[in-house]
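Subject: Structure for you to look at

Hello,

Here is the structure I said I would pass on. Please open it beside this email and follow along.

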Amino acid sequence: MSPSLYNTLTRRKEPFKPLDPVNVRMYVCGPTVYDFAHIGNARPVIVFDVLFRLLRHVYGAAHVTYVRNITDVDDKINARAAERHPDLAPEAGIRTLTDVTVAQFHRDIRALGVLEPTVEPRATEHIPEMVALCERLVERGHAYVAEGHVLFDVSSMVDYGKLSNRSIEEMEAGARVEVAPYKKGPMDFVLWKPSKAGEPGWPSPCGIAAPGRPGWHIECSAMSEKHLGQVFDIHGGGIDLAFPHHENEIAQSRCAHGTPMMAQVWMHNGFLQVEGEKMSKSLGNFITINELVATRRFGGSQWHGRVVRLAMLGTHYRQPIDWTVDKLAQARNMLRDVARLLHGSAIGPAEPNPEVVAALSDDLNTPKAISILHGIMKSAARNPAARDEFVATLALLGVYGGESVEALDPGLADRSIDRAEVERLITARLAARKAKDFKESDRIRDRLSAMGIQLKDAKDPKTGDIVTTWEVKG
Ligand code: AMP
Ligand code: ZN
């Protein structure tokens, strides 16, 4: 079944048709690496990981290319590197800061059960491609050089503003940016700028003598072209990126290549706030992924990464999300039930539940997928085939990946249950009952009870046979 996805560009949910079904291509704007990633940054990472898993399921894992970049050149990075590594040369300080931050980012999102993207390009490793794009845009009359800068000429593109649905006049009226005197038009944006002392610099394009560095938007145009081609399927990021970042990526890529589009589908996740307020350092509610999973700072508890992920997926990706302790506690309860259900059982390969696949295929309806999971949990407890399907479905959402279930519910380690033994005893008890050996059947029931297992007998209305189900007590 082909998914349908909401496209910010057309403001509609549309059936998704890949340009090339044997190579479905997706680009998502990744982090700017100068500090710990916060829980808002985790949202696009988790949301687009679910989409990546769904696309792999639908088109085959070998037929999906997912690029998520690292922005490792930026004003905030320069400032933080100078502050943290005053003894190092700027380039070395920046590399040290960004390497440490990228390693931490990887640790954080691995805890959230996020798959590695196919390619994770770093901006600083794609400078020649950015330089080439600047030159191409100038050659084609879409950009100009002024005072060591290369600027995109917004008036050269007739449909600039289509993604954010705003005309240039509206944008100019709403703009609060101070207009640099060298700009031809107030909305013209920087493709390349001169490097100041202490900033990293590279040889500049278009005959500019002084070294310079790229603007933010050109990075994504260059990296997506290099790894996915001039036109690809899906481009994603947080809703704050739609304007100006994505609008400007579209302008650069389409005008440089003379193409009618950059990506077919533009997807944006809604914003995250914490306990009803915008997350900010000054309000003291700024929370990093690392603090959630490794400290007791939020709600007095340490939260397992899969719990964080499940809590995030409880809200549809396009809705704003209010990040609360309550949501995390609910997700933890569900994963505890899952852990109890899976404890001690051998899991076989299976396809995920088709209703969940359908819910995800409907513009990633994760809240519906989770409520279906709740509904099928009971039958998964009874029936090994349903259990295998249940686990494959959890894996499609990335909320469980086959790790030890004691990690999801540490209490389980003390209540170790041998599932195969439980099932063997239940079969023996049913056989004893059939043979009317009630003494033996009661003995087995008591033994199971001592193991912490509660039995429930019910009559199958069709066959009249007794069917026994079980659960872990309390
Ligand atoms: P940045 O490192 O600021 O460039 O952001 C990386 C990604 O996180 C982008 O896709 C942003 O849109 C997203 N993002 C940042 N803050 C939030 C938030 N509070 N809620 C949801 N997404 C966010
Ligand atoms: Zn980007």
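What span should the 21 residues of helix 1 have at 1.5 Å a residue, and how far apart are its end C-alpha atoms? The expected span is 30 Å, and the end C-alpha atoms are 30 Å apart, so the two agree. Please keep in mind that this is a predicted model, and the values below are computed from it.

The chain as a whole

The chain has 474 residues, and 51% of them count as buried. It holds 15 helices and 14 strands. Along its principal axes, the C-alpha trace spans about 95 × 50 × 35 Å. The domain assignment gives domain 1 (4–269), domain 2 (272–397) and domain 3 (419–472). Between the C-alpha centres of domain 2 and domain 3 there are 33 Å. Among contacts in the chain with a separation of 6 or more, 73% are between residues 24 or more positions apart.

Helix 1 and what surrounds it

Of the 21 residues in helix 1, 17 are buried, so the rest of the structure largely encloses this helix. Just after helix 1 comes glycine 60, which takes a positive phi of about 100°.

Helix 1 also matters for the next item, the nonpolar cores. The largest nonpolar core has 76 residues, and Ile39 and Trp323 touch the most other members of it. Helix 1 supplies the largest share of this core, 12 residues. Both domain 1 (4–269) and domain 2 (272–397) give residues to the core, so it lies between them. Leaving aside residues up to four places away in sequence, isoleucine 39 touches Leu272, Met279, Ile287, Thr288, Ile289, Leu292, Val308, Met312 and Trp323. Another core, of 41 residues, lies apart from this one; among its members are Trp192, Ile208, Ile218 and Cys255. As background, nonpolar side chains in soluble globular proteins tend to be buried together.

Aromatic rings

How many aromatic pairs are there? Counting rings of Phe, Tyr and Trp whose centres lie within 6.5 Å, the total is 5 aromatic pairs. Two of the pairs are described here.

In one of them, the ring centres of phenylalanine 52 and tyrosine 66 are 4.9 Å apart and the planes are at 55°, so this pair is tilted. Phenylalanine 52 belongs to helix 1 (residues 39–59) and tyrosine 66 to strand 4 (residues 64–68), so the pair ties together parts that are 14 residues apart in sequence. Phenylalanine 52 and tyrosine 66 are both buried.

Another pair is tyrosine 160 with phenylalanine 189: the ring centres are 6.5 Å apart and the planes are at 25°, so the pair is stacked. Tyrosine 160 is in the loop between strand 6 (149–152) and helix 5 (168–174), while phenylalanine 189 is in strand 7 (residues 189–194), so to speak of distant parts of the chain linked by the pair is to speak of residues 29 apart. Tyrosine 160 counts as buried at 5% relative accessibility, and phenylalanine 189 counts as buried at 7%; the cut-off for buried is under 20%. Ring pairs also join Phe152, Tyr160 and Phe189 into a cluster.

Two rings have a charged side chain over them. Arginine 56 lies over the face of phenylalanine 52, 5.0 Å from the ring centre. The charged end of lysine 281 sits over the ring of phenylalanine 286, 4.5 Å from its centre.

Proline 117

Is proline 117 buried or exposed? Its relative accessible area is 11%, so proline 117 is buried. Proline 117 is found in the loop between helix 3 (90–111) and helix 4 (127–139). Not counting residues up to four places away in sequence, proline 117 touches Tyr66 and Arg68. Its C-alpha atom is 9.8 Å from that of methionine 26, although the two residues are 91 residues apart along the chain.

Helix 13

Helix 13 (residues 384–397) has 14 residues and reaches 20 Å from first C-alpha to last, close to the 20 Å expected at 1.5 Å a residue. Its buried residues include Arg387, Asp388, Phe390 and Leu397. The buried residues of helix 13 pack against helix 1, helix 9 (305–313), helix 10 (325–342), helix 11 (354–361), helix 12 (366–382) and helix 14 (419–434).

Regards

Definitions and conventions. Residues are numbered from 1 along each chain as its sequence is written. Chains are lettered from A and ligands numbered from 1 in the order in which they are written. This is a predicted model: local features need pLDDT of at least 70, side-chain atom pairs count only at pLDDT 80 or more; totals for chains, interfaces and linings use all residues. Side-chain values use heavy atoms; hydrogens and water are left out. Rings of Phe, Tyr and Trp (its six-membered ring) pair if their centres lie within 6.5 Å; planes under 30 degrees apart count as stacked, over 60 as edge-to-face and the rest as tilted. Helices (H or I, at least four residues) and strands (E, at least two) are DSSP runs, numbered from the N terminus. Buried means under 20% relative accessible area, exposed over 50%, partly exposed in between (1.4 Å probe, protein chains only). A charge sits over a ring if NZ of Lys or CZ of Arg is within 6 Å of the ring centre and within 35 degrees of the ring normal. Contact means heavy atoms within 4.5 Å. A nonpolar core is a set of buried Ala, Val, Leu, Ile, Met, Phe, Trp, Tyr and Cys residues joined through side-chain atoms within 4.5 Å. Domain bounds come from an automatic or database domain assignment. The expected span of a helix is 1.5 Å times one less than its number of residues.
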